[in-house]
Each structure stands twice: as C-alpha cells, then as structure tokens.
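Visitor: Could you take me closely through one part of this model, starting from a charged contact and following it into its surroundings? I would like a careful account in which each contact is placed in its context.

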Amino acid sequence: MSKPSVLVARKTFDDIVDRLRPHFEVEANDSDTGWSQDELIRRLQGKAGAYIAGGERIDAKLLDACPQLKAVCTMAVGYNNIDVAACTARGVVVTNAPDVLTETTADFGFALMMATARRITESEHFLRRGEWKQWSVTMFAGADVHGATLGVLGMGRIGAAIARRGHLGFGMPVLYHNRSRLPADQEAPLGAQWVEKDELLRRADHLIIVVPYSASSHHLIGQRELRLMKKTATLTNIARGGVVDDAALAAELKAGTIAAAGLDVFEGEPTVHPDLLACENVVLTPHIASATIATRRAMSNLAVDNLIAALTGGVPPTALNPEVVRG
C-alpha cells in the first residue's frame, strides 16, 4: 500500500524533513523558490498534506483545485495567508506554530525598539560611509529606553513577553491596548495598564505593534494615528505587513511627526516601499523576528508533528480547527 504524499513548500532543515519520510512520499522545495499560486496548485496535485511557511496563500480556489488535500500545517504562528473557514468547510485541518517562538520574537522586538530609539542603524551607516571625523555632544543623541513609557498594541503572548522585559528589565511603565482587557492578575506582574487605543498612542514613548493581521487590523496605524503620537516617540512593527500604512509612515517620518520607526514586516514584502528606504530614521529588517536556529527548528518540528498527526490518525498539537479532527 503506497504512502500518502506531502509537499514541503519551503526549504527547511534536512533532518526535520527526514522525519516525514517514514510516513509519506515527500516532495520538498530544496531550491526554496517562492512559488506562484498556480505553481503551488500544480505541486499540490495528489498531495494529502502541505508544510508551508507564511507566504503561501491557501484559499478556496486552491482547495477546490486540490481535492485530495487533508492537512495544511504552517511553521508560522500567523495564519492570515490561510482561509481557515474554507479549509474547515472542506474538511482540511489547519495548524500553526504558537508558543515556540514567543520569547525569541519578544527578544527581537525589544532589540529592534532599542536600535530605533538609540539610532544604532543610522549611526552605523554614518560610520561606514567614513563620515565620522570627530565626536560631538549631540551626535546621534536618541531617546532613553529605561524609565520611558512602553506602549504595546496587542497584548497576546508576544506582547506580554515584551511588556515583561520592559517592566522588569528597564523599569518602564507599560500601557497596552487589546480588544479585551487582561485579568488583573495577569496585568500586575507586567506593570501593565489597559487604555483606549488613542490614549496609548498619545502617551507611549515607544510603541510596539504585535497584533495579528486581519481585515479589521488593516492599516490600524495610519496618518491619523501617527499624528496622535509624541514627536519624540518611536514605533516598532513586528506584527504583519499591512497593519501599518507604510506610505503614511514614510511621509510622517520624513515630516518629523514621530522620531523614528523600526520595521520587521512590510506591505507586499519582500518589496519595501521606496519612501521607507529613503528615510534615515527607520531601522529595517527582513522579517527575521523569530530567526534563531533553535526557534526556527522548533517551529519546523512543530509543523512536522502536526502534519504527521493529522495524516496518521493522531491529534495535531496545535490545530486551528479542531472540529475537523474530531469529525
């Protein structure tokens, strides 16, 4: 009896892919080419499962063209690229990779915020261009992080981990906005106070955005919101591209509406808005918040665990639509 076939849509660690081979016929994207939707559909023909990352779009069109597909397992925590409702309607189990990247992503978010506040990238470029001829009192003077007010937009696992770093490590008062307020016993260890979004924007010295992307969070931060912020404030986005209006942000950075921004995610990535590239007061990184070897291995292993369980009669550890598994 032949084994079911699965597709590994992005290059990952060879030994982790090898964990699939006793159970499945495996087609792996060893070249790590980003496939078009049509190519992804072609590759998924006859496949029972798919291991994907954050860029492959799984929608009704693809599902209807790939009727044998039974499991879609992403190594990412975000899943705005997957139409979970369409998968559920067709009996396709969907899994993601929460928890394993929380602390690593929080580390990076805090590091990006600090680099932004202290003008690290800007000053390095200055040095590398050979422009450093003498020291001066005000040269690349930025903003303090310790004791400054940390604003967290989206107090989920990662947001809470960032708040903990700010409160316990840097003595920062923490303000946050969520659709729902945390219980008091969760707020207290973080030194966190819930406020309305506009108040958060007005009061934060350093705003970090950690909300999931959805239609309701598209351009959650645009020109109006940026103009509510302090002129001395920084904005850091480690959420998803599209949560911030990148064109509006570039314009307000140029105008000096806020002091600086740190961005790990972009609308239409890997393309970056050219006006952002022209700004000196922005730190730009290529969607690497979870990029440590240990964490990327943990993300990959969890996706493989989910795929094996979903297609061999087990219970996937992190199913987004567990009703499909029960059915």
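**Helix α7 and its surroundings**

Guide: Aspartate 99 is partly exposed, with a relative accessible area of 48%, and since everything here belongs to a predicted model, that value should be read as computed from predicted coordinates. The side chain of aspartate 99 meets that of arginine 157 in a salt bridge with an N to O distance of 2.5 Å. This pair ties together distant parts of the chain, with arginine 157 in helix α7 and aspartate 99 in the loop between β5 and α5, 58 residues apart.

Helix α7 takes part in a further salt bridge, in which the side chains of glutamate 103 and arginine 165 come together at 2.7 Å, N to O. Here too distant parts of the chain are linked, glutamate 103 belonging to helix α5 and arginine 165 to helix α7, with their positions 62 residues apart in the sequence. The two partners differ in accessibility: glutamate 103 is partly exposed at 37%, whereas arginine 165 counts as buried at 17%, because buried means under 20% relative accessible area.

The helix itself covers residues 157–170, and its 14 residues span 19 Å from the first C-alpha to the last, close to the 20 Å expected at 1.5 Å a residue. Arginine 165 is one of its buried residues, a group that also includes Ile158, Gly159, Ala160, Ala161, Ile162, Ala163 and Gly166. Among the elements that cover these buried residues are α5 (102–117), β6 (150–153), β7 (174–177) and β9 (206–209). Just after the helix, glycine 171 adopts a positive phi of about 60°.

Of the buried residues of α7, isoleucine 162 repays a closer look. Leaving aside residues up to four places away in sequence, isoleucine 162 touches Ala106, Phe110, Leu150, Ile208, Val210 and Ile238. The largest nonpolar core holds 48 residues, and isoleucine 162 is among those that touch the most other members, together with Leu20, Leu150, Val152, Met155, Ile238 and Leu307. At least two residues of this core come from each of β1 (5–8), α1 (14–18), β4, α5, β6, α7, β7 and α13. A second core, separate from this one, has 29 residues, including Leu175, Ala204, Ala250 and Ala261.

Two of the contributing strands, β1 and β4, lead to a sheet. Five strands make up this open sheet in the order β2-β1-β3-β4-β5, with parallel pairing. The edges are taken by β2 (25–28) and β5 (93–95), each of which has a single partner strand, so one side of each lacks a neighbour in the sheet. On average, and with direction ignored, neighbouring strands are turned by 15° against each other. At the β5 edge, β4 (residues 71–74) pairs with β5 in the parallel sense over three bridges, and alanine 71 stands opposite valine 93 of β5.

Returning to the contacts of isoleucine 162, its partner Ile238 is also touched by valine 265, whose further contacts are Asn237, Ala239, Arg240, Gly241 and His287, again not counting residues up to four places away in sequence. Valine 265 sits in the loop between β11 and α12 and is buried, with a relative accessible area of 1%. In the same loop, between β11 (260–263) and α12 (274–277), lies proline 270, which is joined to glutamate 269 by a cis peptide bond with omega near 15°.

Histidine 287, touched by valine 265, lies in the loop between β12 (282–284) and α13 (293–311). Histidine 287 has a positive phi of about 55° although it is not a glycine, and it is partly exposed at 29% relative accessibility. Histidine 219, in the loop between β9 and α10 (223–226), likewise shows a positive phi, about 50°, without being a glycine, and histidine 219 is partly exposed at 28%.

To close with charge again, the two salt bridges of α7 described above can be set beside a total of 25 found in a search of the whole structure. One of these joins glutamate 39 to arginine 42, with the closest N and O atoms 2.8 Å apart; the two residues are three places apart in helix α2 (residues 37–43), and are therefore separated by about one helical turn. Glutamate 39 is partly exposed, with a relative accessible area of 22%.

Methods:
Residues are numbered from 1 along each chain as its sequence is written. This is a predicted model: local features need pLDDT of at least 70, side-chain atom pairs count only at pLDDT 80 or more; totals for chains, interfaces and linings use all residues. Side-chain values use heavy atoms; hydrogens and water are left out. Helices (H or I, at least four residues) and strands (E, at least two) are DSSP runs, numbered from the N terminus. The expected span of a helix is 1.5 Å times one less than its number of residues. Buried means under 20% relative accessible area, exposed over 50%, partly exposed in between (1.4 Å probe, protein chains only). Contact means heavy atoms within 4.5 Å. Two strands pair if DSSP finds at least two bridges between them. Axes are lines fitted to C-alpha atoms, for helices over the stretch in contact, and angles run from 0 to 180 degrees between N-to-C directions. A nonpolar core is a set of buried Ala, Val, Leu, Ile, Met, Phe, Trp, Tyr and Cys residues joined through side-chain atoms within 4.5 Å. A salt bridge is a side-chain nitrogen of Lys or Arg within 4 Å of a carboxyl oxygen of Asp or Glu.
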